[in-house]
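Let's take a friendly walk through this structure, looking at a couple of residues and a pair of helices. The sequence and model come right below.

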Amino acid sequence: MSLNLFKNVPRAIWLIAAGHLVADLSPGALYVALPFLKAKFSLSYAEVSAIVLLQNLASSVSQPLFGYLSDQKHRLWLMPAGCLITGVFLAASLLVPNYYLVMVCTALSGLGNAAFHPEAAKTVNFIGGKEKGKAVSLFSVGGYAGVALGSLFLAALLWGKQSSQILLYTIPSIVISIALFYEIAKIPRPEIRGRGSLGTLRECVNWPLLALLGMILTRATVTAGISTFVPLYYVSYLGGSEVYASSLLTVYLAAGAVGTMFGGILSDKFGSKQVMLFSILPIALLMYWFLSASGVWVFVILALANILLSATATSSLVLTQKMMPKNVGMASGFTLGFSVGLGTMGVLGLGQVADLWGITWVFDILVLLPAIGFVLTLFIREPEPRPVRV
């Protein structure tokens, strides 16, 4: 039955989802690279957090711009180019000789990621037809799978402590970039009537949309906070194994694929707001249990947390595109990039908290944030179904 669910999904969506997987290998790999970089350059928690912040800001702040350009004219070449740039410069960040070049390479990797997402998400929205939630879910699953596999892939490459092995990280980016360059001529380019503009964007701005972006911000802070500080907590604070920490992160990130898929499908059936309301608040309870958990329960808690977080993420992307029907590219840029990037600014604050009062305080803050996201969700109003002009 699950296979029949995706029987009629167009090939182009599968291809773009594969590109999303490869593009998002780098965000997942970066989290595994943090303990390596911290030890290599003797960095503080704040300096480590700054690496995450810079990559995410480079990706997020520019995504609405790429989205705006996408709303003006289809630029499918941004997808393969973005995949290639993201992978090559993430690998370079592990090979350069100083902290400042690490920052430059991670920023360029973030820009490549930004180039890929709005064009890809907008194209999936157009191709998805009446089942946009399913199409967006499949696209998002590619991203979550990429983040999870990126952490596992880089952990394996760093295991031998040989710099030549890191070059293998670029192979998926090169392969999928070539495949996408070859295939983009076959991907449908719907005619754009009534191009999205700043004027049509202003028509969409209201309190429900701002509440939605605020909820995305709090959810993104929790997501990035867990990804950043779980490996640091077990490796740098408890002195545990890097393999165990990367296993936790891989399970956490891989579980996101489950929530991503069901989040979009349930949004088609029950509405995005309902999915978000029932998903975000239980995350606070899971974070409360995290530090006292042990054994297999640590894996269970992290997996459940990201299932709920990713269900909320997919629903919010579907809803933002509905609320900005003439600016689908910018909606994707805001949801996948800008709001998420602003949320990662909270990671820098969490790093300061860890330096001042200890890393366990970080997880106390992660208990509070989902409750704030729940309150913001109450103010969201889902628009009535209407045809999207393309």
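## Two residues and a helix pair

Setting aside neighbours within four places in sequence, Leu 286 is in contact with Ile 301, Leu 304, Ala 305 and Leu 308. Please keep in mind that this is a predicted model. Leu 286 itself is found in helix 14, which covers residues 282–290. From Leu 286 to Val 298 the C-alpha distance is 9.9 Å, with their positions 12 residues apart in sequence.

Is Leu 286 buried or exposed? Its relative accessible area is 8%, and the cut-off for buried is under 20%, so Leu 286 counts as buried. Ser 93 can be set beside it in a small table.

| Residue | Helix | Relative accessible area |
|---|---|---|
| Leu 286 | helix 14 (residues 282–290) | 8%, buried |
| Ser 93 | helix 5 (residues 78–93) | 1%, buried |

Not counting residues up to four places away in sequence, Ser 93 touches Leu 37, Val 102, Cys 105 and Thr 106. That leads us to the helix pair.

Helix 3 (residues 25–41) packs with helix 6 (residues 99–127) at an angle of about 175°, and their axes are 13 Å apart. Angles over 145 degrees count as roughly antiparallel, so helix 3 and helix 6 are roughly antiparallel to each other. On the helix 3 side, the contact is made by Ser 26, Pro 27, Leu 30, Leu 37 and Phe 41, while helix 6 brings Tyr 99, Val 102, Thr 106, Ser 109 and Asn 113. What is the make-up of this contact in nonpolar, polar and charged residues? Six are nonpolar, four are polar and none is charged.

Methods:
Residues are numbered from 1 along each chain as its sequence is written. This is a predicted model: local features need pLDDT of at least 70, side-chain atom pairs count only at pLDDT 80 or more; totals for chains, interfaces and linings use all residues. Side-chain values use heavy atoms; hydrogens and water are left out. Axes are lines fitted to C-alpha atoms, for helices over the stretch in contact, and angles run from 0 to 180 degrees between N-to-C directions. Helices (H or I, at least four residues) and strands (E, at least two) are DSSP runs, numbered from the N terminus. Angles under 35 degrees count as roughly parallel, over 145 as roughly antiparallel, 65 to 115 as roughly perpendicular and the rest as oblique. Contact means heavy atoms within 4.5 Å. Ala, Val, Leu, Ile, Met, Phe, Trp, Tyr, Cys and Pro count as nonpolar, Asp, Glu, Lys and Arg as charged, and the others, Gly among them, as polar. Buried means under 20% relative accessible area, exposed over 50%, partly exposed in between (1.4 Å probe, protein chains only).
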